[in-house]
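Reader: Please take one part of this model and go through it closely, then follow it into its surroundings. State the cut-offs for each term as you use it.

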Amino acid sequence: MRVVRETADYIICDDFLEPKDFELMLQYAQLQDYARNPKWMKPWDLADRPPWQSGETVYHPSRRLPPGDPRRQYPTGTALDRLIDRILSTKFYRNNFSRNAKSMTARSYLHQQGASLDWHNDAGRFAGAYAYYCHPRWHASWGGELMIVEDDIPDDLLPEREILEDGQIVKRKSWNVIHKDDLSELLFERTTSAQFLFPVPNRILIMRRGLWHKIGLVKNNAPFARCSIAGFFLPDD
Ligand SMILES: [Fe+2]
């Protein structure tokens, strides 16, 4: 493993898994069952084509999933366990999440040509998130870059408004999901430092909650999908 860049908020590592485990992850990612997410999610806009995604796997050191829960639980006996083990063994995980966020999720995504994901900050109940790239090869001209705003721009700076959450009216500091003018203004005003990373195979990004980020468009010249395993670190409730 090679640390490419580390800040207080995120770490980027290359050659994250041993070559033999990376090979297994390539197979794992190809062999999942994928579906388009049928739910509207506010980071997407109508210009984005949502990626294909697999079911979710959950890691928790002690708690078992209740019977009938459609998610899978670690250990799965698949190559995904190697990735989860590797993440859990990093210093960045131990320093940032091991005490306050015991559980972790994992899901495979295929960002096909034309797929992208607009600005969002993975806030909510998450303590942090990660993305691991497991396509056989990528190219700097194929798009799919992850872009990160490094400035601290808390949700609190967004206007408080009544919004719908699971159909219920609640008050939240949030952006207008239709035109996003308020979010755009906030990012224009406050962003002074940004980072982007190519989705290099066998690279991982692990980040703390609250950083604004987006996934750039995967271009039509990409010969296959941008493939990632991504998930969240969750506090125990
Ligand atoms: Fe995200």
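Author: Start with an open sheet of 4 strands, ordered β8-β15-β10-β13, with antiparallel pairing. Strands here are DSSP runs of E with at least two residues, helices are runs of H or I with at least four, and both are numbered from the N terminus; two strands pair if DSSP finds at least two bridges between them. The edge positions belong to β8 (117–120) and β13 (194–197), each of which has a single partner strand, so one side of each has no neighbour in the sheet. From one strand to the next, the twist averages 10° (axes are lines fitted to C-alpha atoms, for helices over the stretch in contact, and angles between N-to-C directions run from 0 to 180 degrees).

The model is predicted: local features need pLDDT of at least 70 and side-chain atom pairs count only at pLDDT 80 or more, while totals for chains, interfaces and linings use all residues. Residues are numbered from 1 along each chain as its sequence is written.

Within the sheet, strand β10 (residues 146–149) is joined to strand β15 (residues 213–215) by 3 bridges, and the two run antiparallel. L146 has I215 as its bridge partner in β15. By pLDDT, the predictor's confidence in each residue from 0 to 100, β10 has the highest mean in the chain at 98, and strand β11 (residues 160–165) the lowest at 83. The chain as a whole has a mean pLDDT of 92, with 96% of its residues at 70 or more.

The loop that follows β8 on the way to β9 holds D122. D122 is partly exposed, with 19 other C-beta atoms within 10 Å; a residue is buried with 20 or more such atoms, exposed with 12 or fewer, and partly exposed in between, with C-beta atoms placed from the backbone. Leaving aside neighbours within four places in sequence, D122 is in contact with A129, R209 and F232, where contact requires C-beta atoms, placed from the backbone, within 7 Å. G210 is 88 residues from D122 in sequence, and their C-alpha atoms are 6.0 Å apart.

Strand β9 (residues 128–133) is joined to β16 by 6 bridges and runs antiparallel to β16, with A131 opposite A230. On β16 there are also 7 bridges from strand β7 (residues 103–111), again antiparallel, and H111 has R226 as its bridge partner there. In β16, 9 of its 9 residues are buried.

The largest nonpolar core has 45 residues, and Y10, L83, I84, Y130, Y132, L205 and I206 touch the most other members. Such a core is a set of buried Ala, Val, Leu, Ile, Met, Phe, Trp, Tyr and Cys residues joined through C-beta atoms within 7 Å. Strand β16 (residues 226–234) supplies the largest share of this core, 6 residues. Apart from this core lies another, of 6 residues, including A115, W138, L217 and V218. Back in the largest core, I206 touches Y10, I11, I87, T90, F92, Y93, G128 and Y130, not counting residues up to four places away in sequence.

Helix α2 (residues 80–88) has L80, L83, I84 and I87 buried. Seen down the α2 axis, the buried residues fall within an arc of 95°, so they line one face of the helix; the arc is that of the directions from the helix axis to the C-beta atoms. In the loop between β6 (72–73) and α2 is P75, and the peptide bond from Y74 to P75 is cis, with omega near -5°.

Key. Two residues are in contact if their C-beta atoms, placed from the backbone, lie within 7 Å.
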